[in-house]
Amino acid sequence: GLAGQYPCEGMDLLCVRSFEETGGNPPGNGNDCWGWSFQDREYVLFGRSDGTTIIDVTDAVNPVMVANVPTATVPSLWRDIKVIGDMAFIVSEAGDHGLQIVDLSVVPSLVPGGSMANTAHYTGFGDAHNVVANPETGYVYGVGTNTFSGGLHIVDVNDPLNPTLVGSWDESYIHDAQAVVYNGPDADYAGREIVFA
């Protein structure tokens, strides 16, 4: 059938918001989203060309724009977000953007429609196409950065106020990746972190 004007099967369209209603400034674009839960609330972290919007979608029919996290530098076509615990890690292809680190635990207490500043800011790389996070190890990986030939730029964020470069892989440009802790039959690799890039 249809969900609004969109073809669908097994789902329904509950709500649509314009780019401007998500806090974006025309002629910008939306480019990524990630989810975060806190107690009984559900949130979307929506990447825009000019920043990141935090939207409470607990009531999916009536989402509420809670806060805007402005871009660290200038607008860009691409922004990416990942979350470990209550910390968001945001990158962009904008020059000198680095890794924005935002403490989301304050979001439920905010008055909707405001702005949030970075909690911390890592500048070991400038632009990045994507960010990968492994909650099991507390590592985030900048990929497609202006460092290490666009390969893996590995940052320890176990202390998110003091992110630290802990490694790299520079054999090739990386567009996307997945980091996991190996839990398989080969004892030589048990408990080791593996990145599929």
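Which residues make a nonpolar surface patch of about 270 Å²? The patch is formed by Tyr-6, Leu-13 and Val-16. The model described here is predicted.

**Surface residues**

Leu-13, one of the residues of this patch, sits in the loop that runs between β2 (6-7) and β3 (30-38). Leu-13 counts as partly exposed because its relative accessible area is 33%, and partly exposed residues fall between the 20% and 50% limits.

Ala-197 belongs to the segment that follows β17 (193-196). Ala-197 has a relative accessible area of 63%, so it is classed as exposed, the limit for that class being over 50%. Along the chain, Ala-197 and Thr-52 are 145 residues apart, and 25 Å separates their C-alpha atoms.

The two accessibility values are set out below.

| Residue | Location | Relative accessible area | Class |
|---|---|---|---|
| Leu-13 | loop between β2 (6-7) and β3 (30-38) | 33% | partly exposed |
| Ala-197 | segment after β17 (193-196) | 63% | exposed |

**The largest pocket**

Rolling a probe the size of a water molecule over the atoms shows where empty space is left. In this model, the largest pocket holds about 310 Å³ of space. It is lined by 14 residues, and those closest to its centre are Cys-15, Arg-17, Ile-55, Val-57 and Pro-63. Strands that contribute at least two lining residues each include β4 (41-48) and β6 (64-70).

What is the make-up of the lining of the largest pocket in nonpolar, polar and charged residues? The lining has 11 nonpolar residues, 1 polar residue and 2 charged residues.

Key. Residues numbered from 1 in each chain as written. Predicted model: local features only at pLDDT ≥ 70, side-chain atom pairs only at ≥ 80, totals over all residues. Heavy atoms only, no water. Patch = residues over 30% accessible without salt bridge, like charges linked within 9 Å, V, L, I, M, F, W, Y side chains within 5 Å. Areas by Shrake-Rupley, 256 points an atom, 1.4 Å probe, with all protein chains shown as cover. Salt bridge = Lys/Arg side-chain N within 4 Å of Asp/Glu carboxyl O. Helix = DSSP H or I, 4+ residues; strand = E, 2+ residues; numbered from the N terminus. Buried < 20%, exposed > 50% of the residue type's maximum accessible area, 1.4 Å probe, protein only. 1 Å grid on protein atoms, 1.4 Å probe; cavity = no way out; pocket = protein on both sides within 12 Å on 5 of 7 lines; lining within 4 Å. Points joined across faces, edges and corners; volume = space filled by probe spheres on them. Nonpolar A, V, L, I, M, F, W, Y, C, P; charged D, E, K, R; others polar.
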